[in-house]
Amino acid sequence: MSIRATILEQITAIARQQNKHLVPLTDQLHLVDSGLDSLCLAILVANLEDELELDPFASGTVAVPVTLGDFIGLYEAATV
Amino acid sequence: MTRNLTTLADSVPPGLVSGRQSLRDLTLAIAPAARWLSDEQGRLRLGELDDASCLASTDHAGDFSGLTVLIATKTQLAAVLATLDLDGLARRILLCPPDLDPVHLPAIIDDAGVDVIVTDGTFPLPAGAPCRVITCHRKPSHKAPVSGGGIATEWVLFTSGTTGRPKMVVHTLASLSGPLDDGARLPSNAVWSTFYDVRRYGGLQILLRALIGGGSMVLSGAHEPVGDFIDRAATDGVTHISGTPSHWRRALMSPLLALFKPNYVRLSGEPADQAILDQLKRAFPAARLSHAFASTEAGVAFDVRDGRAGIPAAYIDDNGTPQEGVQAELILRDGVLCIRSSRTAQQYLGAVATPLADADGFVATNDMLERREDRYFFIGRQEGVINVGGQKVYPEEVEAVINQHPDVRMSRVRARVSPITGAIVTADIVLHPGVALDHARANPIRDEIAQRCRDHLAAHKVPVSLKIVPSLDISAAGKLLRGRA
């Protein structure tokens with residue numbers, strides 16, 4: 001499964017688990033408007049680290065991504 | 001602290017050990033020929049101590065009177081024997097726990113003004129220790145000590161901090177052995193035991209009750225497998241035994257436990273959850289079961305005897321009213337349990353000693369309580385809190401939910417760094433032995449635990465990952481190692 005597909009699947013699963021209503025997911029979507037709160041995003045980052053073995057935030061210097069496209073881009077860049 | 005000492009001395013109830021009678025006098029006053037101490041190497045009858053000492057000293061009065069003595073032995077028995085000789089004679093005795101990092105010894109010797117070190121020859125003393133070293137033998141073959149000279153010897157205990165230098169806490173025999181109604185009505189032939197080392201507060205309580213109360217005692221070995229210890233305890237007919245919930249969880253794994261029939265089982269040192277209480281009730285249906293709270297600084301505060309986890313709300317809400325099981329004044333300050341009694345320690349010792357109690361004589365425990373219905377529950381240590389995006393999570397609170405799953409033996413909840421919320425909650429879980437080998441069950445169990453957490457805990461307290469691990473580390477003091485500073 002591609003990184004993009006994994007991330008979208010995780011977002012859907014976490015939203016269901018946390019009883020959050022998701023808006024349609026597009027690259028332009030601002031994460032704050034996605035329906036995911038910060039706890040959901042924290043869970044998402046932890047789950048992705050476990051599943052993809054990627055932690056693009058590990059350096060502590062990465063700016064918090066604003067849109068879903070930025071977020072996915074961070075993970076895709078981390079594999080290179 | 002001076003004021004505190006005066007208050008304590010004035011409030012000593014009649015009959016409390018006053019410091020005028022030494023531990024040796026009190027111990028040998030009751031049928032010493034019939035009583036004994038035992039460890040992995042065998043038994044020592046207390047009668048053998050009647051006119052003999054284990055300390056290779058030429059002149060007890062000259063060697064120890066009014067001096068500060070560090071008791072640094074490998075075996076618990078040697079430390080007990082030295083203590084019996086030195087209480088009432090020395091100005092101050094320091095009971096060095098076996099896991100004390102020797103790197104701290106020079107500073108301890110300096111801070112406490114140690115004059116003499118008593119050792120059994122196996123403790124790693126610093127090279128060229130700047131004081132006299134006297135050996136304690138296992139066999140009492142030396143000249144008897146002069147009976148306690150009436151000095152109220154200071155007993156210095158070390159706290160079991162997770163890292164850094166342990167604090168030195170000053171007690172006296174009076175504060176350590178004040179009368180307790182703990183529901184353990186004592187037959188004269190009681191045989192006591194504890195998983196603790198007797199140089200820790202919890203273990204020392206059991207030792208002093210055995211020695212002063214006319215009983216015998218089985219001492220645990222430092223690296224003794226728990227099955228072997230249970231076997232010895234059963235063979236020696238132990239009637240009263242104490243340990244931490246972590247000790248007991250380990251003991252419950254031993255098939256030899258079925259042979260062990262104590263009358264009194266006590267838990268302390270960590271909060272007891274309902275799961276461990278229920279398991280012990282099943283394992284020892286005839287025993288009185290209690291869980292207690294004590295700390296090195298605050299002393300014994302209370303015990304709970306109804307078999308339920310948590311503390312009856314009246315213990316705290318009706319503070320000041322005499323109640324069965326309550327041995328101190330208990331109050332909450334900002335959710336933190338604070339304790340005042342004649343059993344609290346006198347002070348910390350050291351170059352930068354902070355006050356041990358507040359101006360009213362209350363000792364803050366750093367243990368946080370929360371009321372749920374008619375009980376108070378420990379929700380964690382003040383310093384152990386996990387901060388999830390500004391919301392507090394107490395690991396113990398989450399562990400209590402996880403531990404309710406029938407297949408879980410124990411768990412440890414920790415913080416995991418999160419770039420989003422600073423921290424999130426994660427859990428390591430040890431399953432019961434039978435289940436742990438069944439790999440097909442691992443995923444369903446994980447799902448069940450996760451669901452249980454979601455049903456019972458706020459979203460930010462639910463562990464984001466549940467890892468099944470073969471074992472969790474237990475500290476030398478018998479507590480779950482949390483790996484936090």
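**Strands that pair in the sheet of 5 strands of chain B.** Two strands count as a pair if DSSP finds at least two bridges between them. With that in mind, look at strand 19 (residues 336-340) and strand 21 (residues 363-372) of chain B, which run antiparallel and are joined by 3 bridges. In this predicted model, B:Cys338 has B:Ala364 of strand 21 of chain B opposite it. Strand 21 of chain B also pairs with strand 22 of chain B, in the antiparallel sense and over 6 bridges. Here B:Asp367 has B:Arg381, in strand 22 of chain B, as its bridge partner.

**The whole open sheet of 5 strands in chain B.** Step back from the single pairs and follow the order 17-22-21-19-18, with antiparallel pairing. Which strands stand at the edges? They are strand 17 (311-312) and strand 18 (329-333) of chain B, each of which pairs on one side only. Strand 17 of chain B is joined by 2 bridges to strand 22 (residues 375-381) of chain B, and the two run antiparallel. At this edge, you can find B:Pro312 with its bridge partner B:Arg375, which lies in strand 22 of chain B.

**The hairpin of strand 21 and strand 22 of chain B.** This hairpin has 2 residues between its strands. Look for B:Glu373, which takes a positive phi near 55°.

**The open sheet of 3 strands in chain B.** The strands follow the order 25-26-27, and their pairing is mixed. Why do strand 25 (408-418) and strand 27 (465-468) of chain B each have one side without a neighbour in the sheet? Both stand at the edges with a single partner strand each, so that side is left free of a neighbour in the sheet. On average, and ignoring direction, neighbouring strands of this sheet are turned by 25° against each other. Strand 25 of chain B pairs with strand 26 (residues 422-431) of chain B in the antiparallel sense, over 10 bridges. Among the residues of these strands, B:Ser418 stands opposite B:Gly422, which is in strand 26 of chain B.

**Helices from both chains against the sheet of 3 strands.** Helix 2 (residues 38-52) of chain A lies across strand 25, strand 26 and strand 27 of chain B. Its run makes about 105° with strand 25 of chain B. From chain B itself, helix 14 (residues 439-456) packs on the sheet and touches strand 26 and strand 27. The direction of helix 14 of chain B makes about 140° with that of strand 27 of chain B.

**Where chain A meets chain B.** The contact takes 10 residues from chain A and 11 residues from chain B. On the chain B side, these are 5 nonpolar, 5 polar and 1 charged.

**Helix 1 and helix 3 of chain A crossing.** The axes of helix 1 (residues 3-17) and helix 3 (residues 68-78) of chain A come within 10 Å and cross at roughly 135°. That angle is why helix 1 of chain A is called oblique to helix 3 of chain A. The crossing is right-handed. Helix 1 of chain A brings A:Ile3, A:Arg4 and A:Ile7 to the contact, and helix 3 of chain A brings A:Ile72, A:Tyr75 and A:Glu76. By class, these residues are 4 nonpolar, no polar and 2 charged.

**The two domains assigned in chain B.** Domain 1 (2-375) and domain 2 (385-468) come from the domain assignment of chain B. Their centres, taken over C-alpha atoms, are separated by 34 Å. Contact is made by 6 residues of domain 1 of chain B and 8 residues of domain 2 of chain B. The domain 1 side of chain B has 4 nonpolar, no polar and 2 charged residues.

Conventions: Residues are numbered from 1 along each chain as its sequence is written. Chains are lettered from A and ligands numbered from 1 in the order in which they are written. This is a predicted model: local features need pLDDT of at least 70, side-chain atom pairs count only at pLDDT 80 or more; totals for chains, interfaces and linings use all residues. Axes are lines fitted to C-alpha atoms, for helices over the stretch in contact, and angles run from 0 to 180 degrees between N-to-C directions. Helices (H or I, at least four residues) and strands (E, at least two) are DSSP runs, numbered from the N terminus. Angles under 35 degrees count as roughly parallel, over 145 as roughly antiparallel, 65 to 115 as roughly perpendicular and the rest as oblique. A crossing is left-handed if the near helix is turned anticlockwise from the far one by less than a right angle, and right-handed if clockwise. Two residues are in contact if their C-beta atoms, placed from the backbone, lie within 7 Å. Ala, Val, Leu, Ile, Met, Phe, Trp, Tyr, Cys and Pro count as nonpolar, Asp, Glu, Lys and Arg as charged, and the others, Gly among them, as polar. Domain bounds come from an automatic or database domain assignment.
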